[in-house]
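The following exchange takes a close look at one part of a structure.

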Amino acid sequence: MAAHRRPRQHPFRGRTARTAAILAMAGAATATGFDGTGQAEPRLTPTQVKTEVDTLYREAETATQKYDGAKEQADSGEARLNSLRDEAARKTQKLNSARDALGTFAAAQYRSGDIAPAWQLALSSDPNRYLDDAALAERAGDRQAAAVSQVRRQLQEIERLRGAARVELTSLKSHQDELRRQKASVTGKLAEARRLLAELTPSQRDQVTGADDTDGTAPGTASRPADGTRQASARAVAAPDSRAAAAVAYAFAKLGSPYVWGATGPHSFDCSGLVQAAYRSAGVSLPRTTYAQIDAGRRVSRSELRPGDLVFFYSGVSHVGLYIGNGRMIHAPNPSAPVRVAPIDQMPFAGATRVV
């Protein structure tokens, strides 16, 4: 029986211990309340805020590039599907015409009676003409049958391609929806970053967002350079190619434009959208995303850079700018900063491409 006897409760265990713990915590809370400490989490320093905001912006830009690529593929898939549907409709119309022709031929045979060819030849008043007509009809029938078979095969192929395109488009839309959900998550983080920035003084905020990192050509967050200044700066850039010069001039003209993810101009841009729009103005077509743009031309080293080259940053190649010479570029940085001039050593350099 002794083995089943309940051990004696320690006087400070159970409810008594819990009560003591609660009282102790309440006393600690009261003590911190009297001296004004412990009422809120400690604020981050401007350096800590910058680190967190920069991380959030990089995550957002990576998601933006993936979203842009998925949207481009989805748009191409929709255009391809519409083209296949149009082609299938045209081939279906041809098939229906061939069927109508066969129906007319069959009806003519029925009206002439189901008489054996030998008797028709024997009873014909003009055997030579009958033979000619019969041979022509046979050849016409063969041609119609072949035409129907060909159109039917084409229609089956188009149906197969259309089904494949539909499956592909469904997959792309599903992927795009997932990217939108990821973007929504990052947008929440950006909202938190905005809250942190709002707690800083204006000068600290400008320091964190780089609003005061201008060189006389780049605008701050509250102003844009005069048109004359932009034009003079663009003319001062000695681009080696007329198309590169046109792209650089376009980028200078867009200084101060806001950063908007997914935007390709003419009034707002994300980083790859700005580069794409700049070269589009020069008659050069570039891919939509940084991942594709880096392979759109010839790779060049940092020491070989010339105005008009595309410069890429971060290990994931998630950011791009347009090089304008003297170690500077024009780029669309992030939601806290408009299109501006910046040194290329401001971010980890990942590579460069010359597209003209």
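Q: What is the relative accessible area of R299? Please also describe the salt bridge that R299 forms with D295, and place it among the seven found in the whole structure.

A: The model is a predicted one, in which local features need pLDDT of at least 70 and side-chain atom pairs count only at pLDDT 80 or more, while totals for chains, interfaces and linings use all residues. Residues are numbered from 1 along each chain as its sequence is written, and side-chain values use heavy atoms, with hydrogens and water left out.

R299 has a relative accessible area of 47% and is partly exposed (under 20% is buried, over 50% is exposed, and partly exposed lies in between, with a 1.4 Å probe and protein chains only). Its partner D295 is exposed, at 55% relative accessibility. The two side chains meet in a salt bridge, with 2.9 Å from N to O (a side-chain nitrogen of Lys or Arg within 4 Å of a carboxyl oxygen of Asp or Glu). Side chains of opposite charge can pair when their charged atoms come close.

Another of the seven salt bridges in the whole structure joins the side chains of K50 and D54, at 3.3 Å from N to O. Both residues belong to helix α2, residues 46-112, where they stand four residues apart, about one turn of the helix (helices are DSSP runs of H or I with at least four residues, strands are runs of E with at least two, and both are numbered from the N terminus). K50 is partly exposed, with 35% relative accessible area, and D54 is also partly exposed, at 25%.

The bridge between D270 and R288, at 3.0 Å from N to O, has a different setting. D270 sits in the loop between α7 (242-253) and α8 (271-281), and R288 in the loop between α8 and α9 (290-293), so the pair ties together parts that are 18 residues apart in sequence. D270 is buried, with a relative accessible area of 0%, and R288 is buried as well, at 8%. This pair also belongs to a network of salt bridges that links D68, D270 and R288.

The helices on either side of the loop that holds D270 can be described too. The axes of α7 and α8 come within 7 Å and cross at roughly 130° (axes are lines fitted to C-alpha atoms, for helices over the stretch in contact, and angles run from 0 to 180 degrees between N-to-C directions).
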